[in-house]
Amino acid sequence: MTTSIPTALANFYGPNAGYVLELYERFQKDPTAVDAATRAFFEEWTPPPFSAPVHVNGDAASPAPVGAAAPADLYKAVAVANLAQSIREYGHLAAQLDPLGSKPPDDPSLHLDYHGLSEADLRALPASLVGGPVGERTETAWDAIAELRTIYSGYIGYDYDHLRIPEVRTWLRSAAEADWFGPEQMPIDEEALLARLTQVESFEQFLQSNFPGKTRFSIEGLDMLVPMLDVILAQAGQTGIHEVLIGMAHRGRLNVLAHILAKPYEMLLLEFKDPVNSASQTRLSQLGWTGDVKYHAGASRMLPGSDMLDLTVRMAPNPSHLEHVNPVVEGMARAAGAFVDQPGPPRQDQFVSLPIQIHGDAAFSGQGIVAETLNFTRLAGYSTGGTIHIIANNQVGFTTGPNQTRSTLYASDLAKGFKIPIVHVNADDPVACIRAARLAIGYRNHFKRDFFIDLIGYRRYGHNEGDEPRFTQPKMYAIVDELPTVCQLWAQQLVDEGKIDADKPQQLRQAQTERLQEALASLPADVVAEPEIKPPPPGAARKVKTAVALAELRTLHQNLLTVPDGFDVHPRLQRVRKRSENALQNADDATVDWGAAEQLALASILADGAAIRMTGEDVKRGTFSHRHAALYDAATGAEYVPLHHLPAAKAAFEIHNSPLTEAAAIGFEYGYNIERPERLVIWEAQYGDFFNTAQAVIDEFVTSGFAKWDQTPSLVLLLPHGYEGQGPDHSSARLERFLQSAAEVNMRIAYPTTAAQYFHLLRRQAALLVTDPLPLIVMTPKSLLRHPLAASTPRQLAEGRWQPIIDDPEVISGRRARADIRRLILCSGKIYVDLVSSERRTSAAETDTKAAETAIVRVEQLYPFPAYELEPLLASYPNLQELVWVQEEPRNMGAWSAVKPQINFITQERYPLRYIGRPRRASPAEGSVSWHKMEQDEIVESAFGGGGEE
């Protein structure tokens, strides 16, 4: 068979033809430059004349011959190189990855006939055609190809064909073919591995026999996960990593808690016994603690590390929203590597911490937060120096098989889009699993990038231990029922190889069972697992001083307006900045707008020594162009952040535009916050309603993290809110959802109306980070950002404080007598400005009795509800006859449902309490501007006209 070179190149990869001819060129220059087998091959033929280089798939190949047929031996050489390339790229498709024995998908390019080759051809050709370490240590192409099949189509599948960085591909190929991480290079303590697997299996079997039917989400079928984590942690500790942060779902979690996090058996068994102790549980409930199920819990332990520093290993608590812990763990890792003790941006050391994410196969493919989190991988404000991902692959969801849960071949295929290396490994091959774990930590440490292990196993029971999987997977479980455990397989292998005595496995099992039995027997009958819960100091929030001396504010203001010499601020923006130069000159002029108050608050917090991380959608400029925390040179585009250059700052400041995602973004900031609670962490939505795509993160972490897991978040969410005719999607930040979740003092919810209030609110939050940490949810303005009625005087910043309730200014000033007020409007946020700007308010005269007898009080803090402040305020109006709650939102939204019972409790219903606002609706707002204006006018008119519903 003879084929012209162009035809050969059309059927095979051009670069491989180039490789063959490159070897021939070396041979021509120096016959000793190639090995003896290759030298003998090249001595038998002479290539024909060539023309210009041929380009195949964008790569320069060897030159094509001119008009002559290529000799068969050259064709065969190119075919061997192509076969080797196919095995390297697609060998995983023929790998024995399934412990249940399913047939691999295979690929035609892995077979000899596809390339026109035979065994005789390979035996006649040199191994050097295959290249790489394998080609160097074998003699014939037959030997080399056989060894490549052993490497790439054994019990590990190296899935790298999607990678685009040559250095990465070369390193990974060399690691596999030179077996850098195999037992010959790095011996495995085989007896210790057997002992570990015995611990893992005996723990599960002990729970099954002593607590039958109790849910535990057994690790059985993926037992090697624990030894793999052992390997990763050991290597992490030896290479200078100081903190390992683990996120994982239910499957195998209790086993990992016991054997990786060293949670005592006694504590775990006590949780299974779950005795009743009403006194203890009542006390915990009074502190706002409900706890969580045992397979959601987190834990922490210390291990010896390098450089005399201990290695901290922590597992984050996780709810049943399986993958939502992913961004939380990444945020924790980011915080652990950020050093903030100096002004300017933080110093980020991405080798300090190592995130490990253990995913479920169905959840990894199905939950969008996975992709959102992977997108952080190489973003400047979010990268963590590489995460090791392990997919705990049961090959089934709850009852649903892979063909119904994903549209891809592998559970891990999503990672290909982010150019992350993937290794698939058979969970019943301990050596292959150890090799994969070593490869993962080696790659991560070398490249500071993510790595995926698809640990393919099975689930010995149903989704939980009370579930019957044979209803839906009868064929799978017919195989599982007959399958030895990995511990049994490994023990038998060691016995067969004469490495241990035949009775050794049973001795190990008996010793482990006795240890567990002793732990169970030691437990008292009525003792419950009780965490240490400490209430915050009483009244801490009310005692905080937030005022800043006017002289200090003026200095900070000038620092914020200063830019480097030669920095060209955009002309329009420079005019705005110019107008604000004298904003603090007159202490009693209302010249401080919202953006200026925020920048002064942040600057003063940095001067107090608290570091700040601020992220969000378009947060550097601000959605409404009000912030400009980062300036850009109009000519060069260079960035300058004034808060990085404050002479008075004692801590670091960072600000990052987040990707257009909410669930992962808020989860990330939550993780950052709980890892380093002494730092002020702020996230801002582009529009407030955008947060609702993160509802699971809000519910599972932000609002209930303390009650379930004793976490103390203090994350600040800035959510632009206000009805201005922008339609259903850009009006409401869904205030009602936060108020519905508000209980047991689990957060602070505020809707401030002035720049000074916002200034003091931020400073109060920073002051309480350590002494009284709570999440802060702020309904922030849009149209009020530059409204004169929202502006404040410098004196209000310098001498004021946060006011949960603000009385009517006209009553305070004496322009209206308290004794004349019969009707008191209570409201919050932007509707206040609509009310006080209305003609009924501004032109109230003797003829407008209702308006003249009406005062307006702002409830700026909606939770915890300011009862202590509101009660005496109401008592100060001696002739009060009725209360009205006015809001823009529909009746079933906004604050009404939350404040109504609070107000009635305070007043004991001495006054009728009426509602004015939009009626109950399914959608938050109207899509028509004119309709919106009509609704707003009706609300204002009813407020002053005596309307309202009870």
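A residue is called exposed here when its relative accessible area is over 50%, buried when that area is under 20%, and partly exposed in between. This scale is applied throughout to the structure above, which is a predicted model.

Salt bridges offer a good starting point. Across the whole structure, 50 of them are found. One joins Glu799 to Arg795, with 3.0 Å between the closest N and O atoms. Both residues belong to helix H30, which spans residues 794–799, and because they are 4 residues apart there, about one helical turn separates them. The two partners can be placed on the scale in turn: Glu799 has a relative accessible area of 56% and is therefore exposed, while Arg795, at 33%, is partly exposed.

A comparable arrangement occurs in helix H37 (residues 929–945), where Lys933 and Asp937 are likewise 4 residues apart and so separated by about one helical turn. Their side chains meet in a salt bridge with an N to O distance of 3.2 Å. Lys933 is exposed, since its relative accessible area is 51%, and Asp937, with 42%, is partly exposed. Shared partners also tie salt bridges together elsewhere: Glu243, Arg314, Glu675 and Arg676 are joined in this way into one network.

The salt bridge between Asp807 and Arg818 has an N to O distance of 2.7 Å. This pair links distant parts of the chain, 11 residues apart: Asp807 is in the loop between strand S21 (805–806) and helix H31 (809–813), and Arg818 is in the loop between H31 and strand S22 (823–827). Asp807 has a relative accessibility of 10% and so counts as buried, whereas the value for Arg818 is 27%, which makes Arg818 partly exposed.

Positive charge also gathers on the surface, in a patch formed by Arg164, Arg169, Arg378 and Lys419. Of these residues, Arg164 sits in the loop that runs between strand S3 (156–159) and helix H8 (166–177). With a relative accessibility of 56%, Arg164 counts as exposed.

Strand S3 itself presents another picture. In a regular strand, side chains alternate between the two faces of the sheet. In S3 both faces are covered, with Ile156 and Tyr158 buried on one side and Gly157 and Asp159 buried on the other. Strand S11 (residues 422–426) runs antiparallel to S3 and is joined to S3 by 4 bridges. Within this pairing, Asp159 stands opposite Ile422 of S11.

Several backbone features deserve a look as well. Phe217 has a positive phi, near 55°, although this residue is not glycine. Its place is the loop between helix H9 (190–210) and helix H10 (225–238), and because its relative accessible area is 6%, Phe217 is buried. Ala262, also not a glycine, has a positive phi of about 60°. Ala262 is found in the loop between helix H11 (253–259) and helix H12 (265–273), and its relative accessibility of 39% makes this residue partly exposed. Further along the chain, the peptide bond from Tyr863 to Pro864 is cis, with omega near -10°. Pro864 belongs to the loop between strand S24 (861–863) and helix H35 (867–875).

Finally, Ile479 provides a contact across the sequence. The C-alpha atoms of Ile479 and Gly101 are separated by 8.8 Å, although the two residues are 378 residues apart along the chain. Ile479 lies in helix H19 (residues 474–482) and is partly exposed, because its relative accessible area is 37%.

Notes: Residues numbered from 1 in each chain as written. Predicted model: local features only at pLDDT ≥ 70, side-chain atom pairs only at ≥ 80, totals over all residues. Heavy atoms only, no water. Patch = residues over 30% accessible without salt bridge, like charges linked within 9 Å, V, L, I, M, F, W, Y side chains within 5 Å. Areas by Shrake-Rupley, 256 points an atom, 1.4 Å probe, with all protein chains shown as cover. Salt bridge = Lys/Arg side-chain N within 4 Å of Asp/Glu carboxyl O. Lys, Arg positive; Asp, Glu negative; His and termini not counted. Charge placed at Lys NZ, Arg CZ, Asp CG, Glu CD. Helix = DSSP H or I, 4+ residues; strand = E, 2+ residues; numbered from the N terminus. Buried < 20%, exposed > 50% of the residue type's maximum accessible area, 1.4 Å probe, protein only. Pairing = 2+ DSSP bridges.
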